[in-house]
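User: I have a model on screen and want to work through its fold, its core and its charged pairs. Can you take my questions one at a time?

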Amino acid sequence: RMEAEARYTYVGAAVLLLVGALLAGLLWLATAGGRGDYAHYAIHFESQALDGLQIGAEVNLRGIKIGRVVDYALSPDTINRVRVEVAIDPRVAVSSNTVAVVTRNFVTGIASIALVNREPAGEALVRNDALDPLPVIGEGQSNLDEITGRVSQVGEQVTNALASINLLLTEENRQNVMATVRSLRDLSSGLNQRLVTLDSMLGQAGSAAAKIGDAATQLADAGARVTVVAERSSQQLDQALQQTERTLRDASVAMAQVAGALDRMEQQAGRTAKRLEGSAELVEDQLGVATAELRLSMEATTRVMDRLRDPRAALLGPGPQQFGPGEAKP
């Protein structure tokens, strides 16, 4: 019996030693071992929900596990702020523009933290004692939260649109809309009638245009005929002018001949007068008669010469400004 009690004592002491060693190992892992092998950072979450995030949750970078969540606490200064402490592999470079985003598994609902390094890479993250005892990683924006926010905005817009439609579909607005529809129907009916009238007017205008085209064709033909007549008239006028020129030349020749005849007559009269000087007394009566006849002949010759000097009067007769034989100026 003494030996059995001694064995129980040894077994109890061994169990106590093992429990103590286990506690010491756990304590070392939680304190010295954990802080010695990892770099600790703080993340202040305000806009992202932390549903499903627990101590020991993974911290990932591009899908690779680089650390874990070691603690979280509510901020005493800001109600919606949650301080999360993470332990990250010291080989991972955390820069000043690195942000933290909460991601979730849609099946299990377990959340994790993903770090995103923005381009270009920033400087190494340093501690700000005024903000937190640990270096603080900035909070990013989750794609799911962004989509949810947009969906919420779309829902709000749809709600506002439905409210506006409800306001639009009041009894008074419905009556106004129906009155507008009736007015549009009457307007379309009137437009159809006017279109029929317009088609008729267009048909009449087409007929008038065809008649105008025929008239234009006839006018063109008349113009061509007038051109032909004008050309013929021009040719006839040219012939008349040529005939007139020939007549004037003939008249000039006749006037020259008459002038020569007058010169010869004057010479003959001079000779006759010389011959009759000796017998003037004997033939006075005959000389008076001859002189009278000679005067008449000279007047007739003068009239002929005057006519020949004006070919137009010779051909067409005296003008209203010319005087005939025996006429005198008033």
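Analyst: One definition to start: two strands pair if DSSP finds at least two bridges between them. Keep in mind that this is a predicted model.

User: In what order do the strands of the closed barrel run?

Analyst: The barrel is closed and has seven strands, with mixed pairing. Neighbouring strands of this sheet are turned by 35° against each other on average, direction ignored. The order is β1-β4-β3-β2-β6-β5-β7.

User: Which residue in the turn of the β2 and β3 hairpin has a positive phi?

Analyst: Strand β2 covers residues 58–61, and strand β3 covers residues 64–74. The two pair in the antiparallel sense over four bridges. Two residues sit between them in the hairpin. The one with a positive phi, about 55°, is Arg62.

User: Is Asn60 buried or exposed?

Analyst: Asn60 lies in strand β2 and stands opposite Lys65 in β3. Its contacts, leaving out residues up to four places away in sequence, are Lys65, Ile66, Ser112, Ile113, Ala114 and Leu115. The cut-off for buried is under 20% relative accessible area. Asn60 has 14% relative accessibility, so it counts as buried.

User: Which residue of β4 is the bridge partner of Gly67?

Analyst: Strand β4 spans residues 82–88. Seven bridges join β3 to β4, and the two run antiparallel. The β4 partner of Gly67 is Ile88.

User: And what is the bridge partner of Val102 in β6?

Analyst: Strand β5 holds residues 98–104, and strand β6 holds residues 111–117. They run antiparallel, joined by seven bridges. In β6, Val102 is partnered by Ile113.

User: Which strand gives the largest share of the largest nonpolar core?

Analyst: That core has 22 residues, and Val86, Ile88, Ile113, Leu115 and Ile137 have the most contacts inside it. At least two core residues come from each of β1, β2, β3, β4, β5 and β6. The largest share is four residues, and the strand is β4.

User: Which residues does Leu115 touch, not counting those up to four places away in sequence?

Analyst: Leu115 is one of the residues with the most contacts inside the core. Contact here means heavy atoms within 4.5 Å. By that test Leu115 touches Val59, Asn60, Leu61, Arg62, Ile66, Ile88, Thr98, Val99, Ala100 and Ile137.

User: How many residues apart in sequence are the parts that Glu46 and Arg81 tie together?

Analyst: The whole structure has four salt bridges. In one of them, the side chains of Glu46 and Arg81 meet at 2.8 Å, N to O. Glu46 lies in the loop between β1 and β2 and Arg81 in the loop between β3 and β4, so the parts tied together are 35 residues apart.

User: Is Asp132, the salt-bridge partner of Arg83, buried or exposed?

Analyst: Arg83 and Asp132 meet through their side chains at 2.7 Å, N to O. Arg83 is in strand β4, while Asp132 is in the loop between β6 and β7, 49 residues apart. At 24% relative accessibility, Arg83 counts as partly exposed. Asp132 has a relative accessible area of 4%, so it is buried.

User: Which residue forms a salt bridge with Arg91?

Analyst: Arg91 counts as exposed, at 74% relative accessibility. Its partner counts as buried, at 18%. The closest N and O atoms are 2.8 Å apart, and the partner is Asp89.

How values were computed:
Residues are numbered from 1 along each chain as its sequence is written. This is a predicted model: local features need pLDDT of at least 70, side-chain atom pairs count only at pLDDT 80 or more; totals for chains, interfaces and linings use all residues. Side-chain values use heavy atoms; hydrogens and water are left out. Axes are lines fitted to C-alpha atoms, for helices over the stretch in contact, and angles run from 0 to 180 degrees between N-to-C directions. Buried means under 20% relative accessible area, exposed over 50%, partly exposed in between (1.4 Å probe, protein chains only). A nonpolar core is a set of buried Ala, Val, Leu, Ile, Met, Phe, Trp, Tyr and Cys residues joined through side-chain atoms within 4.5 Å.
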